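Please consult the sequence and the model displayed here before reading the briefing.

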Amino acid sequence: MVTIAAVGDLHIEAGTGPRLRPLFERAADEADVLLLAGDLTECGELAQADAVCEVFDGLGLPVIAVLGNHDHDHGEQAVIAEMLARAGVTLLEGSAVALTTGGTTIGIAGAKGFGGGFAGRSAEKFGEDEMKAFASHSEQCALTLHAALADLDTSWVVALTHYAPVRDTLAGEPLELFPFLGSHQLAAAIDSATVPVALAVHGHAHYGRERGATPGGTPVRNVAAPVIATPYALYQLPTDPGVDVIRLR
Ligand SMILES: [Fe+2]
Ligand SMILES: [Fe+2]
């Protein structure tokens, strides 16, 4: 059995590390890995990233993260990446990590992702240069996730993004925001992976809902903190194809 702890959108503020750290101290007893689905900081300030490091440094289990749009706001994402690395947090962006735990192997492929919208109503590379740039960036972000998934040859594979791969988990958000909350191309990357993806985890949609699935049937979970309403959700990966992911808490 593999148990994944996951949360996104903590939007950590400077100076809050000592208050937040106790919420995560039991994670190592409960899960094989802790996934952070972006928007670690409120707006990408380095003092906020310091607090993130205080919370997750040395928790006793692998902590794997992607950044979110908020973490990019001050343009300091490269420095934040270095700070997270020093704190032992593995930051993924179009990359993957393989872990051995409890006699099995689990691979996490991660990318921030981007908006772009959903099939039939998505951004197209047509018209103004700005629209082409928006649609191209969306496509590029999905390609990086696809490439990261292709790197894995583990018993279990999990996809980690900030932006949503499906619209199921956006239900509750204003429709006008959907093109900025995710992209169907992320789901296409997951569904076309050469290894089956057991679970796709994302954040970003604070007012969405938790459960969804890609067109190919991969379970999708929106773990934005306001959605899961707990410091982190705990998911047990299914042992048989066709069995759904079980939320333990
Ligand atoms: Fe957020
Ligand atoms: Fe976000």
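The briefing covers the nonpolar core, one loop residue and one helix. This is a predicted model, in which local features need pLDDT of at least 70, side-chain atom pairs count only at pLDDT 80 or more, and totals for chains, interfaces and linings use all residues. Residues are numbered from 1 along each chain as its sequence is written, while chains are lettered from A and ligands numbered from 1 in the order in which they are written.

**Nonpolar core**
- The largest nonpolar core (buried Ala, Val, Leu, Ile, Met, Phe, Trp, Tyr and Cys residues joined through C-beta atoms within 7 Å) holds 77 residues, of which Ile4, Ala6, Leu35 and Val158 touch the most other members.
- Helix 3 (residues 46-56) supplies the largest share of this core, six residues; helices are DSSP runs of H or I with at least four residues, strands are runs of E with at least two, and both are numbered from the N terminus.
- Beyond its neighbours within four places in sequence, Ile4 has contacts (C-beta atoms, placed from the backbone, within 7 Å) that include Ala31, Val33, Leu35, Val158 and Leu237.

**Gly8**
- Gly8 lies in the loop between strand 1 (3-7) and helix 1 (17-20).
- Gly8 counts as buried because it has 33 C-beta neighbours inside 10 Å; the cut-offs are 20 or more other C-beta atoms within 10 Å for buried, 12 or fewer for exposed, and partly exposed in between, with C-beta atoms placed from the backbone.
- Leaving out residues up to four places away in sequence, Gly8 touches, among others, Asp39, His162, His202 and His204.

**Helix 7**
- Six of the eight residues of helix 7 (residues 184-191) are buried, namely His184, Gln185, Leu186, Ala187, Ala189 and Ile190.
- These buried residues pack against helix 5 (129-150), strand 7 (156-161) and strand 8 (199-202).

Note on methods: Contact = placed C-beta atoms within 7 Å.
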